Amino acid sequence: PFWNSGGVATSIHFFTAFSTFLYKLDVKRLINESAEAFKNSDYNQCLSKSRIALETLIRTIAIDKYSNTNDTWGSALSNLKTNSFLTQIEEDLMAKTYSFVSNGSHIPLGFTNEEYARYGRNLLMSKCYYIIKKYKQNF
């Protein structure tokens, strides 16, 4: 539902049931900027914007819903696990996905920059979608 014909995730319908989320507009903007960066072959920016969208979701839920006071990625993830929003496996998956596509990651042998950006972005957008669905179930 949020993939366009080119296989690029956009924010259309992404937030239908997420209307009370504090940074919804920021996340939507980041997702759209990531899509535009991919279309313009700016693959580093594409992955950066996608990663920031996931980080914004995680950090905002931890702060707004669980009073997390340490505004860092790791602290927010841990906070969501501690408060049973995420299981240990889900926390690990989020952390590993984030690390996998972080700056400095090496593109696996045989992947073009475009293929790697598409794969990494799809991973991150899937994690964003998953977090939004969990949020909707819990709040």
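A charge sits over a ring if NZ of Lys or CZ of Arg is within 6 Å of the ring centre and within 35 degrees of the ring normal. That is the cut-off behind the first close-up, and everything shown in these views comes from a predicted model.

**View 1. Two lysines sit over aromatic rings.** Here we're looking at Lys65, which lies over the face of Phe139 at 5.1 Å from the ring centre. The view also takes in Lys134, whose charged end sits over the ring of Phe85, 5.8 Å from its centre. Which cluster do these two rings belong to? Phe85 and Phe139 join Tyr66 and Tyr135 in one aromatic cluster.

**View 2. Phe100 and Tyr119 pair up across two helices.** In this predicted model, the count of aromatic pairs comes to nine. The one picked out here is Phe100 with Tyr119, an edge-to-face pair with 6.0 Å centre to centre and 85 degrees between the planes. It links distant parts of the chain, with Phe100 in helix H4 and Tyr119 in helix H5, 19 residues apart. Both rings get some solvent: Phe100 counts as partly exposed because its relative accessibility is 33%, and Tyr119 is partly exposed too, at a relative accessible area of 40%. As for the two numbers quoted for the geometry, a pair of aromatic rings is described by the distance of the centres and the angle of the planes.

**View 3. A nonpolar patch shows on the surface.** Pull back a little from that pair and Phe100 and Tyr119 turn up again, now alongside Ile107 and Phe111 in a nonpolar surface patch. Together the four residues offer about 350 Å² of accessible area. Where does Ile107 lie? Ile107 is in the loop between helix H4 (88-100) and helix H5 (113-138). Its relative accessibility is 35%, so Ile107 counts as partly exposed.

**View 4. Helix H2 runs through the structure, mostly under cover.** H2 takes in residues 43-66, 24 residues in all. From its first C-alpha to its last it reaches 34 Å, close to the 34 Å expected at 1.5 Å a residue. Why call H2 largely enclosed by the rest of the structure? Because 17 of its 24 residues are buried. Ser48 is found in this helix, and at 10% relative accessibility it counts as buried, since the cut-off is under 20%. The C-alpha atom of Ser48 is separated by 9.1 Å from that of Arg121, although the two residues are 73 apart along the chain. Just after H2 there's a backbone detail to look for: Ser67 takes a positive phi of about 55 degrees.

**View 5. Arg59 and Glu55 form a salt bridge within H2.** Staying with H2, zoom in on Arg59 and Glu55, whose closest N and O atoms are 3.0 Å apart in a salt bridge. The two are four residues apart in the helix, so about one helical turn separates them. Are these two partners buried or partly exposed? Arg59 is partly exposed, with a relative accessible area of 22%, whereas Glu55 counts as buried at 15% relative accessibility.

**View 6. Helices H1 and H5 have salt bridges of their own.** Lys39 and Glu36 meet side chain to side chain in a salt bridge of 3.0 Å, N to O. Both lie in helix H1 (residues 24-39), three residues apart, or about one turn of the helix. Glu36 is partly exposed, with a relative accessible area of 40%. Over in helix H5, Arg118 forms a salt bridge with Glu114, and their closest N and O atoms are 3.5 Å apart. This time the spacing is four residues, again about one turn of the helix. Arg118 counts as partly exposed at 30% relative accessibility, and so does Glu114 at 36%. On the spacing itself, an α-helix has 3.6 residues a turn, so residues three or four places apart point the same way.

**View 7. Four charged residues share a salt-bridge network.** Asp26, Arg29, Glu33 and Lys49 are linked by salt bridges into a network. Across the model, the count of salt bridges comes to eight. For orientation, the chain has five helices and zero strands, which reads along the sequence as the pattern α-α-α-α-α. Of the chain's 139 residues, 45% count as buried.

Methods. Residues numbered from 1 in each chain as written. Predicted model: local features only at pLDDT ≥ 70, side-chain atom pairs only at ≥ 80, totals over all residues. Heavy atoms only, no water. Patch = residues over 30% accessible without salt bridge, like charges linked within 9 Å, V, L, I, M, F, W, Y side chains within 5 Å. Areas by Shrake-Rupley, 256 points an atom, 1.4 Å probe, with all protein chains shown as cover. Buried < 20%, exposed > 50% of the residue type's maximum accessible area, 1.4 Å probe, protein only. Expected span 1.5 Å × (residues − 1). Phe/Tyr/Trp six-rings, centres within 6.5 Å; stacked < 30°, edge-to-face > 60°.
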